[in-house]
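Subject: Structure handover

Hi there,

Here is the structure I promised to pass on. My notes follow below, so have a look at it first and then read on.

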Amino acid sequence: MGCGGDGINRVDVEGKVTLDGAPLNEGASVTFIPIGSGPAAGAVIEGDQYSILGDRAPGPGEYRVEIRSPRPTGKQVLGTDGVTMEPSFEEAVPEKYNTNSELKANLSSGEKNTIDFILTK
């Protein structure tokens, strides 16, 4: 593969994500997973906004969307090094928006793709 890109027709996508009317926790993310072929694409949600632009953007088509938002539990767990203790996190967003996501998006070429996700518990 050369420096001229990957040959995928990419489309920018941006929008807003809230849970019960509030922004998600710091470190929240949105991922567009293609239904069919093509690369997945994702971004960190900052405040209540996300954008996936340029060479990081997905191609046009239908996507299953996963939204995750880690929330600290206030507990410590043994780290992956087997020695250090680190903070424990749990998922703040219901599974119907990530592991068992019911969220879908259809991205179109030649259009501004603004897709908001207004989530409720």
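Which residues form one aromatic cluster? They are Phe32, Tyr50, Tyr63 and Phe117. Please keep in mind as you read that this is a predicted model.

**The aromatic pairs**

Searching the whole structure turns up four aromatic pairs. One of them joins Phe32 and Tyr50 in a tilted arrangement, with 6.1 Å from centre to centre and 40° between the planes. Phe32 sits in strand E2 and Tyr50 in strand E4 (residues 49-52), so this pair ties together parts that are 18 residues apart in sequence. Both rings belong to buried residues: Phe32 has a relative accessible area of 0%, and Tyr50 has one of 3%. Buried here means under 20%, so both values qualify.

**The sheet**

Next, the strands around Phe32. Four strands make an open sheet in the order E3-E2-E5-E8, and the pairing is antiparallel. Its edge strands are E3 (41-44) and E8, each of which pairs on one side only. From one strand to the next, the twist averages 25°.

If you want to trace the sheet on screen, these are the pairings to follow:

- E2 and E3 are antiparallel and pair over four bridges; Phe32 has Ala41 as its bridge partner in E3.
- E2 (residues 29-34) and E5 (residues 61-68) run antiparallel and are joined by six bridges; Val30 has Ile67 as its bridge partner in E5.
- E5 and E8 are antiparallel and pair over five bridges; Gly61 stands opposite Leu107 in E8.

**The nonpolar core**

Several of these residues come back in the core. The largest nonpolar core has 25 residues, and those with the most contacts inside it are Val30, Phe32, Tyr50, Ile67, Phe117 and Leu119. Two or more residues come from each of E1, E2, E3, E4, E5, E8 and strand E10 (117-119). As general background, nonpolar side chains in soluble globular proteins tend to be buried together.

Val30 is a good residue to click on here. Leaving aside residues up to four places away in sequence, Val30 touches Ala41, Gly42, Ala43, Ile45, Tyr50, Val65, Glu66, Ile67 and Phe117. Ile67, its bridge partner in E5, is thus on that contact list too.

**Around Glu91**

Now for strand E7, where Glu91 is found. Is Glu91 buried or partly exposed? Glu91 is partly exposed, with a relative accessible area of 32%. Its side chain makes polar contacts with two backbone nitrogens: a polar atom of the Glu91 side chain lies 2.6 Å from the nitrogen of Ser69, and the side chain reaches the nitrogen of Val93 at 3.1 Å.

Setting aside residues up to four places away in sequence, Glu91 touches Ile67, Arg68, Ser69, Pro70, Arg71 and Asn98. Between Glu91 and Ile67, which are 24 residues apart along the chain, the C-alpha atoms are separated by 10.0 Å.

Asn98, one of those contacts of Glu91, is placed in the loop between strand E7 (85-91) and strand E8 (103-107). Although it is in a loop, Asn98 counts as buried, at 1% relative accessibility. With the same allowance for sequence neighbours, Asn98 touches Arg64, Glu66, Ile67, Arg68, Glu91 and Val93.

Ser88 is also in strand E7. This serine counts as buried at 16% relative accessibility. Beyond residues up to four places away in sequence, Ser88 touches Arg71, Pro72, Thr73, Gly74, Lys75 and Val77. Arg71 is thus a contact of Ser88 and of Glu91.

**One backbone detail**

Lastly, where is Asp20 placed? Asp20 is in the loop between strand E1 (13-19) and E2. Most residues other than glycine have a negative phi. Asp20 has a positive phi of about 50° although it is not a glycine. Asp20 is partly exposed, with a relative accessible area of 47%.

Happy browsing, and write back with any questions.

Best wishes

Note on methods:
Residues numbered from 1 in each chain as written. Predicted model: local features only at pLDDT ≥ 70, side-chain atom pairs only at ≥ 80, totals over all residues. Heavy atoms only, no water. Buried < 20%, exposed > 50% of the residue type's maximum accessible area, 1.4 Å probe, protein only. Contact = heavy atoms within 4.5 Å. Pairing = 2+ DSSP bridges. Phe/Tyr/Trp six-rings, centres within 6.5 Å; stacked < 30°, edge-to-face > 60°. Axes fitted to C-alpha atoms, helices over the stretch in contact; angles between N-to-C directions. Polar contact = N/O pair within 3.5 Å; in protein donor to acceptor, adjacent residues only side chain to side chain. Core = buried A, V, L, I, M, F, W, Y, C linked by side-chain atoms within 4.5 Å.
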